[in-house]
Number of protein chains: 2
Amino acid sequence: MSLIKLQKKIVPEIVELLELRYNILRNILYNEPIGRRSLAMKLNIGERTIRTEVNILKKQGLVTVGNIGMQLTEEGKDLIENLDNIIRELRGISELEKKLKDILNIKRVIVVPGNSDKSELVLSDMGKTTSIYIQKIIKDDCIIGITGGTTMAQVAEEMPAAKIAKNIQIIPARGGLGKDVETQSNSIAAKIAKKLNATYKLLHVPDNIDQKTLEGLLELPDIKEVVELLDKMDMIIFGIGRADIMASKRNLSKDIIKLLNERKAVGEAFGHYFDIKGNVVWKMSTIGITLESFKKIKSAIGVAGGESKAEAIMAISSLRDDITIITDEAAANKIIEIVNKATK
Amino acid sequence: MSLIKLQKKIVPEIVELLELRYNILRNILYNEPIGRRSLAMKLNIGERTIRTEVNILKKQGLVTVGNIGMQLTEEGKDLIENLDNIIRELRGISELEKKLKDILNIKRVIVVPGNSDKSELVLSDMGKTTSIYIQKIIKDDCIIGITGGTTMAQVAEEMPAAKIAKNIQIIPARGGLGKDVETQSNSIAAKIAKKLNATYKLLHVPDNIDQKTLEGLLELPDIKEVVELLDKMDMIIFGIGRADIMASKRNLSKDIIKLLNERKAVGEAFGHYFDIKGNVVWKMSTIGITLESFKKIKSAIGVAGGESKAEAIMAISSLRDDITIITDEAAANKIIEIVNKATK
DNA sequence: TGTGATTGGGTCGTATTATGACCCTGTTGT
DNA sequence: ACAACAGGGTCATAATACGACCCAATCACA
């Protein structure tokens, strides 16, 4: 039996304590310097509790607290990295990954602890984990497709800057311009490309354009160039969204929303809307990767977290059995819950 | 950094909790079935505290509590073994051993956690640890000398029964009959011999006999046989006593006690009284191993615990630098304290 | 230079928990 | 039958954690 499980058995109290302090440390690290009250806000904990805990952490030499706020000491920063592994084991993340892999029947599942719906740090973690995974499998002369969304924006944000392979090309996997520039696939592709010291192409095409305009756009050399690359992608990293939320974000017409409801769309990825079995129920008319191309890409990596994304993840997992899903604990547990209910 | 140290840093509370529960579990194991009140007595803890803790342990499925008392579950028993290592690391026993080895300037030091003055379980542990160590280094055709005392009695008690080598002989390292048969070297030698499936010889000689009688006894074939073996010993396992306490236990005359005080005797082993530097200040006139023989024996293993034995252990360690000392945490810390004070 | 938003630290009443000091009843071994 | 021991119940009290405030100092920004 592992050391952690052993302790969990004999001193079960440590679980909450350890996680609480871990969260405090992490939140200080990501927001330093930060005050008591702001921290209490972020963690949804009473201010006084923060105080008690921080006093202990201070006593242990992990945080310093001055009049500008609280900061981690060097020791605290070192500690937090090792703590990651403890938390993983404490929560049984490895077992969770294995279980989820079996349930979704896919090649690889990576789970980060926490719930990205409730904590932005978990979203960061997911982004970081995705980045690290990508950097591991990336090879020379790789063409990598990227989609938009807040999750993918976070991946770009957390991507460590490092030239890890030669002649990498980053391209947006589909057109579509959201309101927020930060979460557009174009911006994200550019950001990732810069971090990886790679070249990139942009795809400036709006969503939902009519067939005629589309054909016209395809004649443009700038766009044509990218479209040709779309079929040569070696890797695609994409966010997974909820069908209903994505529909409202994109201001789809009432008719289409009705259609999506009727056909029980639950998930969205690269402009395609899927039901829980992975059937395409509708797709946006824009320039971008097709489902057929998607299925042929060597490495497909989907990223999404939060329990709300559970069904969407299930839908996308049905598309290919050699897909990699990177998600969080909350989504993983929710998926397991859904499957358990269904089989009962 | 090790997992334990990491946790000690971030959740320092667990230290006492873990140790408390460890002690409770151990005491239940060694005394099962045992009641709340008896247990509280043994551990010097309030009865109510035991109740709170046991409730948690019960909830965790580590102890069962019926109307005959409390017992460990199988899981609890499994746990306790792994816990040993955690406690060792928690207390930094390895570091302590290293430090003590350097201070005493001897070949090998083994420390068991706890204080054998305060807990009989620690004495058991020391006995068990000694037994295991002996069984590791024992070889075929070995002649092993044994002394008396409560510590050595515990070694015999905890010795696992196993024939681990051929043609082993166990002999008492010196004569001397105490009041309590159980702690006489004869009984202990016999007990150990039986457990190890070895042969043994006895040495029925009283303490403090005059020279003439001594010479007479040496003519007896039974005694002569053992005495000849004394010089052929391959290993000696001996308890270490405090000079003053041993003197009073043996009812030494006031003159001799005065002498021991004058010459600053602090330790006793195999009938010899030593000052802190390892000089013999007095020895009992009886049949048994001489200091010269002792220094020639291949393996010398001294066992003693409790802070009161600190100086005695220091004295005996000065005799040989290839001696092995098996002691407990309390004695180890006390020795370090004494040396620190002396060097300041 | 003022002003509002933070910051850490102080304090105090209250809720929660741990603990000590008992009681009771049942079982067991003598 | 009795003494010794077992667990469980109860309650007042001590220790602790916590929420809800206050204050003065500091900082960013207008």
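# Exercises on a two-chain model

At 23% relative accessibility, Lys9(B) counts as partly exposed. Keep Lys9(B) in mind, as it returns in the exercises below. The model is a predicted one, and every value here is computed from it.

## Exercise 1: a bridge between chains

**Task.** Find the salt-bridge partner of Lys9(B) and say where the two residues lie.

**Solution.**
- Step 1. Look for a carboxyl oxygen within 4 Å of the side-chain nitrogen, as the salt-bridge rule requires. Glu75(A) satisfies this, with the closest N and O atoms 3.2 Å apart.
- Step 2. Place both residues. Glu75(A) belongs to helix α5 (residues 74-91) of chain A and Lys9(B) to helix α1 of chain B, so this pair joins two chains.
- Step 3. Check the exposure of the partner. Glu75(A) has a relative accessible area of 31% and is partly exposed.

## Exercise 2: the interface as a whole

**Task.** Describe the contact between chain B and chain A: its residues, its area and its polar links.

**Solution.**
- Step 1. Start with the residues: 26 of chain B are in contact with 26 of chain A.
- Step 2. Turn to area. The size of an interface is often given as the accessible area lost when the parts come together. Here the two chains, B and A, bury about 2,400 Å² between them, and 71% of that is on carbon and sulfur atoms. Leu6(B), Lys9(B) and Ile10(B) supply 28% of the area that chain B buries against chain A, more than any other three residues.
- Step 3. Add the polar links. Nine residue pairs are in polar contact across the interface of chain B and chain A, counting pairs with both residues at pLDDT 80 or more.
- Step 4. Ask which elements of chain B are involved. On the side that touches chain A, at least two residues come from each of α1 (3-10), α2 (14-31), α4 (47-59) and α5 (74-90) of chain B. The most come from α1(B), which gives seven residues.
- Step 5. Sort that side of chain B by residue type: 18 are nonpolar, three polar and five charged.

## Exercise 3: salt bridges across and within chains

**Task.** Count the salt bridges between the chains, then examine one pair inside chain A and one inside chain B.

**Solution.**
- Step 1. The whole structure holds 38 salt bridges over all chains, and the count between chain B and chain A is four.
- Step 2. Take a pair across the interface: the side chains of Glu13(A) and Arg21(B) meet at 2.5 Å, N to O. Glu13(A) and Arg21(B) are also linked with Glu53(B) in a network of salt bridges.
- Step 3. Move inside chain A, where Arg26(A) and Asp125(A) form a salt bridge at 3.0 Å, N to O. Arg26(A) sits in helix α2 (residues 14-31) and Asp125(A) in helix α7 (residues 120-137) of chain A, 99 residues apart. Arg26(A) is buried at 6% relative accessible area, and Asp125(A) counts as buried at 13%.
- Step 4. Now chain B: Glu120(B) and Lys42(B) form a salt bridge whose closest N and O atoms are 3.4 Å apart. Glu120(B) lies in helix α7 and Lys42(B) in helix α3 (residues 36-43) of chain B, so the pair ties together parts 78 residues apart in sequence. Glu120(B) is exposed, at 53% relative accessible area, while Lys42(B) is partly exposed at 38%.

## Exercise 4: two helices of chain B

**Task.** Work out why helix α8 of chain B is described as largely enclosed, and what surrounds its buried residues. Then describe helix α16 of chain B.

**Solution.**
- Step 1. Apply the cut-off: buried means under 20% relative accessible area. Seven of the nine residues of α8(B) (residues 150-158) are buried, so this helix is largely enclosed by the rest of the structure.
- Step 2. List what covers them: α2, α7 (120-137), β4 (143-146), α9 (185-195), β7 (235-239) and β12 (299-303) of chain B are included.
- Step 3. Inspect Glu157(B), which is in helix α8 of chain B and is partly exposed at 42% relative accessible area. Apart from neighbours within four places in sequence, Glu157(B) is in contact with Lys191(B) and Lys195(B).
- Step 4. Finish with α16(B) (residues 329-343). Its 15 residues reach 21 Å from first C-alpha to last, close to the 21 Å expected at 1.5 Å a residue. Its buried residues include Ile335(B) and Ile336(B), and the buried residues of α16(B) pack against α6 (93-104), β3 (108-112), α15 (310-317) and β13 (323-328) of chain B.

How values were computed
Residues numbered from 1 in each chain as written. Chains lettered and ligands numbered in written order. Predicted model: local features only at pLDDT ≥ 70, side-chain atom pairs only at ≥ 80, totals over all residues. Heavy atoms only, no water. Helix = DSSP H or I, 4+ residues; strand = E, 2+ residues; numbered from the N terminus. Expected span 1.5 Å × (residues − 1). Buried < 20%, exposed > 50% of the residue type's maximum accessible area, 1.4 Å probe, protein only. Contact = heavy atoms within 4.5 Å. Buried area = accessible area lost by both parts, 1.4 Å probe. Polar contact = N/O pair within 3.5 Å; in protein donor to acceptor, adjacent residues only side chain to side chain. Nonpolar A, V, L, I, M, F, W, Y, C, P; charged D, E, K, R; others polar.
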